[in-house]
Amino acid sequence: MASLGFTKAVYFAILLARLSTALPAGSSAALSVTASAPLPSNSVQIASSSVPVAASSIASAATIVEPSAATSVPIPAVSGVSTVSAPRSSRPSTSTASAPEASQTVPYASDDPNGILWGPDDPTAPQAIRGSLGATILGPQDVYIDKENPDLLAPPTTDAGSVSNAKWPFSLSHNRLQTGGWARQENMGVMPLATSMAGVNMRLEAGAVRELHWHKTAEWAYILKGTVQVTAINADGQNYLATVSAGDLWYFPPGIPHSLQATADLKDGAEFLLVFNDGDFSEDSTFLLTDWLAHVPKEVLAKNFQTNISAFDHIPAKELYIFPTEPPSDDATAVKSPQGTSPEPYTYALSKVKATQLSGGSVKVVDSTSFKISTGIAAAEVTVEPGAMRELHWHPTQDEWSYFIEGQGRVTLFASSGNARTFNYQAGDVGFVPASFGHYVENTGNSTLRFLEIFNAERFQDISLNQWLALTPPDLVKAHLNLDDDTIAHLSKTKPTVIGPSH
């Protein structure tokens with residue numbers, strides 16, 4: 001047995017000597033082999049020498065092999081090959097090597113401040129500077145427009161890529177002036193992004209009439225000031241008459257003939273917003289009663305109405321569109337129809353609906369579940385208090401046409417693929433958010449922000465980012481966003497909708 005041990009020792013000495021001549025010098029790693037260690041059956045080739053080593057004992061090159069209690073021979077490690085050690089029979093390995101900690105796959109999001117840099121009432125001329133980026137303006141400047149649009153002149157660093165313009169002020173629209181009122185519109189001609197809806201801002205003096213007419217599209221309206229008497233008739237000969245006030249709505253399906261007349265409840269008459277579910281709509285392409293009859297031979301008119309042709313001697317030669325007349329009486333009622341009145345009202349008293357109060361404001365939702373005839377347009381009236389925001393959300397399949405009634409706000413549209421852009425809005429502005437674009441609405445002023453969210457849809461729908469994350473497995477959320485447990489625990493399982501100021 002002593003002879004066998006000596007033979008093994010000699011054998012190992014020969015192999016180690018041969019290996020030392022084949023290995024490069026200068027390596028700081030060491031190879032420890034115990035002279036009495038048994039030969040392993042599973043071996044690997046290192047360099048060109050046939051050195052039997054345990055394949056399972058290859059460790060990290062950064063791991064230093066501890067010397068054994070028995071005689072050991074230090075040998076330089078092969079360059080580019082992890083340190084190798086023969087198994088020791090005298091004691092177990094003390095290595096604590098483990099998988100490296102998970103590391104970020106992309107850089108962390110920037111902490112650069114991206115707040116509003118100035119407001120419309122700021123006394124100084126705004127400059128195209130945010131932090132260390134940008135420079136002053138040396139050429140001509142429209143200071144008023146720049147003051148109203150700080151996030152266009154000096155965008156947040158989170159903006160990127162390209163997103164089409166999503167803002168149109170009615171103040172930039174051509175205004176059609178008539179005796180008794182005016183009308184101005186927004187459509188694809190001025191905001192090409194808004195392909196699914198268009199709007200008209202209309203004013204009628206007390207008693208003035210938007211003449212009897214109809215449209216190929218549905219007409220939805222929100223009264224801004226005053227009161228309006230509306231009339232209509234459906235295909236079954238059932239008629240309708242009602243008076244609606246500020247904050248109330250009307251809706252006429254495509255093809256339903258109707259009229260609008262401002263009452264004298266407000267001495268200046270009324271102003272309202274009209275929305276149509278077609279981005280290419282033009283208020284100048286309406287089917288008007290006077291326009292039609294001016295283009296029908298009077299002989300045909302006499303035959304149609306079974307009367308003398310002279311009855312039409314004084315019909316207008318062209319459309320009236322808007323014209324003045326006496327205000328309607330307060331007790332006006334619909335003409336008695338043998339077919340009865342419309343079974344569904346064409347008006348809705350949204351002003352009398354109690355708003356849902358939230359931590360940062362309020363919301364009223366109206367769609368076909370509450371205003372049954374309004375099957376083509378749904379809406380929400382939202383208020384956001386100073387410092388609060390309409391939460392991060394999106395609408396799955398519905399474009400959003402927005403109208404800002406009072407206050408100041410900003411909206412960032414996330415268009416996917418790294419594209420995002422921020423817009424600023426004031427009272428009288430129109431906004432547009434394509435379906436599925438992520439967005440929020442933040443109050444950036446010192447007073448209540450009030451606006452309308454309007455959709456070319458039967459039902460109002462949105463998806464809350466907060467609620468989505470709260471109802472997703474926490475480990476999955478943490479793996480995506482590196483949020484801590486406390487933050488995840490505070491996610492809301494119900495929609496916050498309008499969130500109060502940060503604490």
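**Exercise 1.** Thr-497 counts as buried at 14% relative accessibility; work out where Thr-497 lies and what is notable about its phi.

*Solution.* Begin with the term itself: buried means under 20% relative accessible area, exposed over 50% and partly exposed in between, with a 1.4 Å probe and protein chains only. The model is a predicted one, in which local features need pLDDT of at least 70 and side-chain atom pairs count only at pLDDT 80 or more, while totals for chains, interfaces and linings use all residues. Residues are numbered from 1 along each chain as its sequence is written, and side-chain values use heavy atoms, with hydrogens and water left out. Next, place Thr-497 in the loop between α8 (485-489) and β30 (498-499), where helices (H or I, at least four residues) and strands (E, at least two) are DSSP runs numbered from the N terminus. Finally, read the backbone: Thr-497 is not a glycine, yet its phi is positive, at about 65 degrees.

**Exercise 2.** Determine whether Gln-306 is buried or exposed, and describe its backbone setting.

*Solution.* The relative accessible area of Gln-306 is 69%, so this residue is exposed. Gln-306 sits in the loop between α5 (298-305) and β17 (322-323). Although Gln-306 is not a glycine, it has a positive phi of about 50 degrees.

**Exercise 3.** Identify the element that supplies the largest share of the lining of the largest pocket, and give the make-up of that lining by class.

*Solution.* The largest share, five residues, comes from β22. By class, the lining has 18 nonpolar, 13 polar and four charged residues; here Ala, Val, Leu, Ile, Met, Phe, Trp, Tyr, Cys and Pro count as nonpolar, Asp, Glu, Lys and Arg as charged, and the others, Gly among them, as polar.
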